[in-house]
Amino acid sequence: ILSIPELFLLYRFTNYMRDKLRKWREENYRNSEQIVDVGEELINEHASKLGDDIWIIYEQVMIAALDCSRDDLAWSCLQELKRQFPDSHRVKRLAGMRLEALERYEDANKLYDSILQDDPTNTAARKRKISILRAQGKSSEAIRELNEYLEQFVGDQEAWHELSELYINEHDYAKAAFCLEELMMTNPHNHLYCEQYAEVKYTQGGLENLELARKYFAQALKLNNRNMRALFGLYMSASHIAASPKVSAKVKKDNVKYAAWATSQISRAYQMAGRGKKENKCSVKAVEEMLESMQITMS
Amino acid sequence: MTQRSLRTASRASIGCARVKMASSFWKGVVGVGLFALAHAAFSAAQHRSYMRLTEKENETLPIDVSCNQLQDTDHLESHACVVFLDTASLVLCFQIVLQTLLAFVITCYGIVHISGEFKDMDASSELKNKTFDTLRNHPSFYLFNHRGRVLFRAPEQEPSTPSAQALPSNPLRLRKLENYH
């Protein structure tokens with residue numbers, strides 16, 4: 001039906017889209033609409049060219065379809081996977097996820113319990129049970145279960161980050177900071193964990209926490225000097241410390257210097273980002289006004 | 001559907017084609033380098049067997065001549081032959097060595113270009129573009145009770161869902177949507 005050059009282009013398209021799907025899968029993108037769009041087309045029309053990749057694409061598209069309320073697509077993907085891998089725990093977990101999306105939490109729990117009976121070390125089923133508790137709003141039980149899970153599987157980065165998020169939602173910042181410390185220990189080069197830890201410390205408040213926050217914002221900037229949130233965080237924490245009545249004059253002077261440096265970096269970053277654009281002058285002025293308005297005044 | 005994919009394909013394939021053509025050039029370079037290496041090895045083996053043959057001939061010369069008086073002149077002749085063979089074989093040796101080294105360098109250079117992108121030694125540099133958007137997503141802990149379940153629902157599905165899974169919470173969500181409009 002298609003001519004030779006069209007076939008050639010279609011082959012290129014399949015490869016290109018398959019690489020895109022792999023990138024989204026490996027880097028945890030949750031752009032479910034796009035995944036459903038691209039994945040549905042690939043599955044329906046170019047299944048033969050995908051080879052064995054098609055099974056993992058089925059899994060990815062199924063989860064994205066559950067996000068987009070496309071239950072028909074999710075059901076058909078699940079059927080294909082069930083046909084190919086009849087006794088697989090991974091496919092059972094996907095069936096459980098579909099039940100969760102339909103809010104049939106008891107049925108999903110029964111399914112996960114049956115997986116755990118077969119294989120008590122299955123981490124995926126335990127994590128889904130914790131997610132069910134979270135979806136039902138039982139955060140304290142979810143936190144307890146997640147703590148028990150982490151006692152057994154200490155190296156699970158995802159779980160530590162999830163636990164820190166749960167603690168932040170409960171406003172238990174000290175424990176959230178502990179979880180983030182675990183993450184920073186195992187990923188010392190990751191500026192985002194440093195920055196999130198600094199934000200939690202800043203939220204806790206108090207002079208020592210503010211100083212710690214300022215140090216970790218600086219560390220995040222050292223790891224990645226393009227992190228704007230860390231720059232703003234440095235400015236805010238330094239201004240806070242400088243405005244606090246309990247500090248010595250030398251500390252105050254140092255922090256004013258840090259805040260001034262942060263201000264200059266912020267203005268420069270906005271100027272660089274806006275160069276060549278017409279509204280540059282207005283936006284730079286807006287940034288300066290914003291920084292002035294963010295000055296901490298002693299109450 | 002196919003028309004749209006063809007349009008995207010033509011746009012995407014221009015970039016892909018450039019990359020693919022560059023990589024096949026470097027694959028050719030690696031092929032040429034390996035072939036030159038094999039050729040140099042083969043000629044080195046041949047040269048070595050040739051040297052062994054001619055050296056045997058040189059050695060047999062004085063053994064054949066049993067007479068002592070003729071030994072000196074024969075030695076001189078054999079020396080001359082050996083000296084003459086040495087210059088030619090030296091040049092050949094040098095040429096083979098040069099070819100081996102060049103082929104090795106070309107192969108290495110080609111392989112470096114084929115083998116994909118290098119990662120930075122600095123562990124933090126590959127994270128420079130990572131944002132919280134993707135860091136906060138934990139695929140094993142994904143929840144599905146978000147507004148996407150309602151937002152993305154096709155309009156025909158809303159009024160009468162014949163599925164047996166119509167839950168008591170659904171009418172509430174639909175009522176909330178109606179309040180919006």
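## Exercises on a two-chain model

UniProt, in an unreviewed entry, puts the feature "domain: EMC2 TPR-like" at residues 92-201 of chain A. Keep in mind that the model is predicted.

**Exercise 1.** Work out how much helix and strand the annotated stretches of chain A hold, and how far apart their ends lie.

*Solution.* Start with the domain. Residues 92-201 of chain A are 81% helix and 0% strand, and the C-alpha atoms at the two ends sit 41 Å apart. Next, take the "repeat: TPR" that UniProt (unreviewed entry) lists at residues 157-190 of chain A. That span is 79% helix and 0% strand, with 12 Å between its end C-alpha atoms.

**Exercise 2.** Decide whether chain A is a compact globule or more spread out than one.

*Solution.* First, look at the make-up: chain A has 16 helices and zero strands. Now compare radii. For 299 residues the globule rule gives 19 Å, and the radius of gyration of chain A is 25 Å, well over that, so chain A is more spread out than a compact globule. To finish, get the box: along the principal axes, the C-alpha atoms of chain A fill roughly 75 × 55 × 30 Å.

**Exercise 3.** Describe the backbone of the stretch of chain B that UniProt labels "transmembrane region".

*Solution.* Find the stretch first: the unreviewed entry in UniProt gives residues 88-112 of chain B. Then read off the secondary structure, which is 100% helix and 0% strand. The end C-alpha atoms are 36 Å apart.

**Exercise 4.** Size up the interface of chain B and chain A, and find the three residues of chain B that supply the most buried area.

*Solution.* Count the participants: 42 residues from chain B meet 54 residues from chain A. Together the two chains bury about 4,700 Å², with carbon and sulfur atoms giving 57% of it. On the chain B side, the trio to pick is Phe141(B), Phe144(B) and Arg149(B), which supply 17% of the area that chain B buries against chain A, more than any other three residues.

**Exercise 5.** Tally the polar links across the interface, then say which elements and residue types chain B brings to it.

*Solution.* The rule finds one salt bridge between the chains. Arg149(B) pairs with Asp71(A), and their closest N and O atoms are 3.3 Å apart. Polar contacts come to 13 residue pairs. For the elements, α1 (2-64), α3 (132-135), α4 (148-151) and α5 (169-180) of chain B each give two or more residues to the side touching chain A. Of these, α1(B) gives the most, with 12 residues. By type, that side of chain B splits into 17 nonpolar, 17 polar and eight charged residues.

Terms used: Residues numbered from 1 in each chain as written. Chains lettered and ligands numbered in written order. Predicted model: local features only at pLDDT ≥ 70, side-chain atom pairs only at ≥ 80, totals over all residues. Heavy atoms only, no water. UniProt positions renumbered as here; feature names shortened; annotations may be inferred. Helix = DSSP H or I, 4+ residues; strand = E, 2+ residues; numbered from the N terminus. Buried area = accessible area lost by both parts, 1.4 Å probe. Salt bridge = Lys/Arg side-chain N within 4 Å of Asp/Glu carboxyl O. Polar contact = N/O pair within 3.5 Å; in protein donor to acceptor, adjacent residues only side chain to side chain. Nonpolar A, V, L, I, M, F, W, Y, C, P; charged D, E, K, R; others polar. Rg over C-alpha atoms; globule rule 2.2 N^0.38 Å.
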